[in-house]
Amino acid sequence: MQPIQDIFPLLSQPRRVVVTMHQKPDADAMGSVLGLQHFLVQMGHQVQVISPTNWARWLDWMPGVDAVLDYELHRAKSDEYMEAAEWIFCLDFNHLARTKGMAKKLAEVAAQKILIDHHEQPYMVQFAYGISSPGKSSTCEMVYDLIVESGHRDKINKPVSECLYAGIVSDTGSFRFSSTGASVHHMVAYLKEMGLEHAKVHESLFDNFLENRLRFLGHILTNRMEVDYLNNTALVYITRQDLYKYDIKTGDTEGIVNYPLSIQGIKLVGFVVDRDELRKWSFRSKGAFDCNTFARTYFNGGGHYNAAGGHDHESLEKTIQSFKKAISENEHLLQ
């Protein structure tokens, strides 16, 4: 994989470009691809954004989201764009497998694939150019760096600012996570100087749910949360019946994993949702517990030091037992 800086001199040459992200994109994934798209269009490129799957409806306010193709709904059209593309930017994931049903096509097409990502252990052989920076707060911060370092800071307009800020505020936990370095605050200060209305973006992200989601949250925290004070751990689980009862859609479970971290003494939270095809895990920690290693070791996953994810094909009951067994094996790290 060649350094991302090698494409900087090529940015002024218009190309056919596809920009994509991981399945079930969150605010950082959608914000980074749309922020990059708005920038590349100003540079004269023909750009199409493709999402491997659907996304949360509370992301629909983002400038440009109405033109994003859902690969599962528009496979033939998406394949045409990828076959014609000269560049495919791959944002907020570092292995093609994270694009679900799109992965096979991505691997087949001749376009040069360009990685921009902040997750650990990238599979670099899949990309022609790229940058992997696990220390960065978000992929949105990395897109901002690309724009500035390539000499095109003047292209950071209102749509670019809103999209990038959305990913920053989401992936930093509203600036409270340890990955929020000075560079993040410098970036936000510049976006504010350029006219960013940060309160408007925050409201669109966090005050944009339906009543059923709030009632669902109350039910989960009351009836589906277990706290293990001996091991400073909390478990939150969601059954398939919970999803049906409260009519939970993509994105409605976003952020729930963070709630138990507010309990005094809790160092690790495991959060599992019983999906049709698998049990999807999220992990969050405070301090010195390595979620990335934990997820990779026990749940076929990975991510960041204090935030990671994984999955299990076992039943909900069995995967919960696996989690509790894993906690017992790591109790010395949780004291």
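User: How many residues of helix 4 are buried, and why is that helix largely enclosed?
Analyst: In this predicted model, nine of the eleven residues of helix 4 (residues 139-149) are buried (under 20% relative accessible area, 1.4 Å probe, protein chains only), so the rest of the structure largely encloses that helix. Helices (H or I, at least four residues) and strands (E, at least two) are DSSP runs, numbered from the N terminus.

User: Which ones are buried in helix 4?
Analyst: T139, C140, E141, M142, V143, Y144, D145, L146 and I147.

User: And what do those buried residues pack against?
Analyst: They touch helix 1, helix 5 (158-171) and helix 6 (182-193), plus strand 5, strand 6 (112-117) and strand 7 (129-132); contact means heavy atoms within 4.5 Å.

User: What happens just after helix 4?
Analyst: G151 sits there with a positive phi of about 90 degrees.

User: New topic: what order do the seven strands of the open sheet take?
Analyst: The order is 1-7-6-5-2-3-4, with parallel pairing; a pair needs at least two DSSP bridges. Strand 1 (2-3) and strand 4 (69-70) are the edges, each pairing on one side only.

User: How many bridges join strand 3 to strand 4?
Analyst: Two, between strand 3 (residues 46-51) and strand 4, and the strands run parallel. I50 has L69 in strand 4 as its bridge partner.

User: Which strands does helix 2 touch?
Analyst: Helix 2 (residues 75-84) packs on the sheet against strand 2, strand 3, strand 4 and strand 5, at about 135 degrees to strand 3. Angles run from 0 to 180 degrees between N-to-C directions, with axes fitted to C-alpha atoms (for helices, over the stretch in contact).

User: Where does helix 1 lie?
Analyst: Helix 1 (residues 27-42) crosses strand 2 (16-20), strand 3 and strand 5 (87-91), and makes about 170 degrees with strand 3.

User: What about the six-strand sheet, what's the pairing there?
Analyst: Mixed, in an open sheet ordered 8-9-10-11-13-12. Its edge strands are strand 8 (225-228) and strand 12 (302-303).

User: How do strand 12 and strand 13 pair?
Analyst: They are antiparallel, over two bridges, with strand 13 covering residues 307-312. G302 has G309 as its bridge partner in strand 13.

User: Any caveats on numbering or confidence?
Analyst: Residues count from 1 along each chain as its sequence is written. Local features need pLDDT of at least 70 and side-chain atom pairs 80 or more, while totals for chains, interfaces and linings use all residues, and side-chain values use heavy atoms, leaving out hydrogens and water.

Definitions and conventions. Buried < 20%, exposed > 50% of the residue type's maximum accessible area, 1.4 Å probe, protein only.
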